[in-house]
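Visitor: I would like to know how the descriptive words for a structure are earned. Please show it, and then I will ask about the terms one at a time.

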Amino acid sequence: MEFLTPSMLPTIPTFRIMNSEGVMEDQTREPPDVTDEQALTWYKNMLTVNIMDTIMLEAQRQGRLSFYMVSAGEEAITVGSAAALGPDDVITCQYRETGVFQQRGFSLKDFMSQLVSNRNDPGKGRNMPVHYSGKEKVLQHAVASTLGTQIPHATGAAYALKMKAKENPTIPPAIAVAYFGDGAASEGDFHGALNMAACRDCPVIFICRNNGFAISTPTSEQYRGDGIASRAIGYGIDALRVDGTDIFAVYEATKEARRRALEGGGRPILLEFMSYRVSHHSTSDDSFAYRTRGEVETWKTRHNPITRLRKWLENKKIWDSEMESSTRATIRKNVLEELTAAEREKKPALANIFADVYKELTEEATEQRQELKRMMLKYPGEYDVASHEGGIDGL
């Protein structure tokens, strides 16, 4: 009789290509299969996300936004993984995947329209800030705060893609991808999604951003096993742990995971990207109540994904301090201009309060809409209807 004792098993290794100095760790391997143009694009996208996060955090403190979530420390995960995915891949995400939207073609106008809930927001102003919706533009479904629900959605989408490919083998193959944090991996949705994906051989990649915290709960208090990657093994799923601050490792791992997910008719893969949540959980959180400033500074300076890629670019002589200053200034200017322009736009028409639930308004909803309009007309000083498209007539 021989019991398996977790503490006696080897720890899952972490895949890495580039060290913190922007130098290849293994000088004997081939350099990353990435062009200079690709690396520069990724770097600018990472900078855009980082600078936008800083400005939007300040805007929230000024009362211009009601809420915001920063993704500092995780830019390489989102940009690098998105760069390895196909244009027809279906993506479901949590709420710290701004870089995925950015890499797949979301514009600053798209971001700002959602953040201020104006008439150009695909979600029609009915969701919290940072809950972007990119289904029509970048095939990335709307962000939802309900933790973990996007994981089984990806399994279902992957199964649908598999059936579609069987019916029409001439179409380009596609996969589904679910992004989530280490905290969401404690939800029942995670386990159900992995088991179903494994049993039905669904072409899906489960991408876990293990940033060390589930809001204020550190991973040391979340689980006793070897991270999240070890859980995949129990479901019969291939897994890889990756340094999430190394964009080349993230890209290469995701590219290979996508290839494997499509292999032999489809199968699930899990990637665990190790990083650190440099920012507070959200603008509603003060993380220094449960961690030290020194701990955060260490990660900001020694394990910064943006700094790491910048050093690699500088080592190749395709980036310098002058380009850095100029690019940062331009991005900051563009973000501020788009924010100001978005704030000047009208809010969505008031009729959207009742739309998109039923094909036709129910009798009860029609009565509610009529009553709301009556109250707005009776007390015009209490309702800022002029800021909405069409004013009171838009209801």
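Guide: This is a predicted model. Let us start with a single residue, Phe-213, which is buried.

Visitor: Why is Phe-213 called buried?

Guide: Its relative accessible area is 9%. Buried means under 20%, so Phe-213 is buried.

Visitor: And what makes Tyr-290 partly exposed?

Guide: Tyr-290 has a relative accessible area of 24%. Partly exposed covers values between the 20% limit for buried and the 50% limit for exposed, so Tyr-290 is partly exposed.

Visitor: How many aromatic pairs are there?

Guide: The count is 13 aromatic pairs. One of them joins Phe-213 and Tyr-290, with ring centres 5.8 Å apart and planes at 50 degrees.

Visitor: Why is the pair of Phe-213 and Tyr-290 called tilted?

Guide: To pair, ring centres must lie within 6.5 Å, and planes under 30 degrees apart count as stacked, over 60 as edge-to-face. The centres of Phe-213 and Tyr-290 are 5.8 Å apart, and an angle of 50 degrees falls in neither of those classes, so the pair is tilted.

Visitor: What does the pair of Phe-213 and Tyr-290 tie together?

Guide: Phe-213 is in strand β5, and Tyr-290 is in the loop between β8 and α10, so the pair ties together parts that are 77 residues apart in sequence. Phe-213 also has a charged neighbour: Arg-291 lies over the face of its ring, 5.3 Å from the centre. In another place, the charged end of Arg-293 sits over the ring of Phe-288, at 4.0 Å from its centre.

Visitor: Why is the pair of Phe-248 and Trp-312 edge-to-face?

Guide: The ring centres of Phe-248 and Trp-312 are 4.6 Å apart and their planes are at 65 degrees. Angles over 60 count as edge-to-face, so this pair is edge-to-face. Phe-248 belongs to helix α9 and Trp-312 to helix α11, 64 residues apart. Both Phe-248 and Trp-312 are buried. Ring pairs also link them with Trp-42 and Tyr-251 into a cluster.

Visitor: What makes α1 oblique to α12?

Guide: The axes of helix α1 (residues 36–61) and helix α12 (residues 321–344) come within 9 Å and cross at roughly 50 degrees. Angles under 35 degrees count as roughly parallel and 65 to 115 as roughly perpendicular; roughly 50 degrees lies between these ranges, so α1 is oblique to α12. The crossing is right-handed. Among the α1 residues that meet α12 are Leu-47, Ile-51 and Ile-55, and the α12 side includes Ile-331 and Val-335.

Visitor: Why is α1 called roughly antiparallel to α11?

Guide: The axes of α1 and α11 cross at roughly 150 degrees and come within 10 Å. Over 145 degrees counts as roughly antiparallel, so α1 is roughly antiparallel to α11. This crossing is left-handed. Where α1 meets α11, the α1 residues include Asp-36 and Trp-42, and the α11 residues include Leu-309 and Trp-312.

Visitor: Is Asp-36 buried, partly exposed or exposed?

Guide: Asp-36 has a relative accessible area of 24%, so it is partly exposed. Leaving aside its neighbours within four places in sequence, Asp-36 is in contact with Trp-312, Lys-316 and Ile-318. The C-alpha atoms of Asp-36 and Lys-316 are separated by 8.9 Å, although the two residues are 280 apart along the chain.

Visitor: How do you know that helix α4 is largely enclosed?

Guide: In α4 (residues 108–115), 7 of the 8 residues are buried, so the helix is largely enclosed by the rest of the structure. Its buried residues include Leu-108, Phe-111 and Met-112. The buried residues of α4 pack against α1, α3, α5 and α12.

Visitor: What phi does Val-130 have?

Guide: Val-130 has a positive phi of about 70 degrees although it is not a glycine. Most residues other than glycine have a negative phi. Val-130 lies in the loop between α4 and α5. Asp-356, in the loop between α12 and α13, also has a positive phi of about 70 degrees.

Visitor: Which of these words, buried or exposed, fits Val-130, and which fits Asp-356?

Guide: Val-130 is at 1% relative accessibility, so it counts as buried. Asp-356 is at 51%, and exposed means over 50%, so Asp-356 counts as exposed.

Key. Residues numbered from 1 in each chain as written. Predicted model: local features only at pLDDT ≥ 70, side-chain atom pairs only at ≥ 80, totals over all residues. Heavy atoms only, no water. Phe/Tyr/Trp six-rings, centres within 6.5 Å; stacked < 30°, edge-to-face > 60°. Helix = DSSP H or I, 4+ residues; strand = E, 2+ residues; numbered from the N terminus. Buried < 20%, exposed > 50% of the residue type's maximum accessible area, 1.4 Å probe, protein only. Lys NZ or Arg CZ within 6 Å of the ring centre and 35° of its normal. Axes fitted to C-alpha atoms, helices over the stretch in contact; angles between N-to-C directions. Left-handed = near helix turned anticlockwise from the far one by under 90°. Contact = heavy atoms within 4.5 Å.
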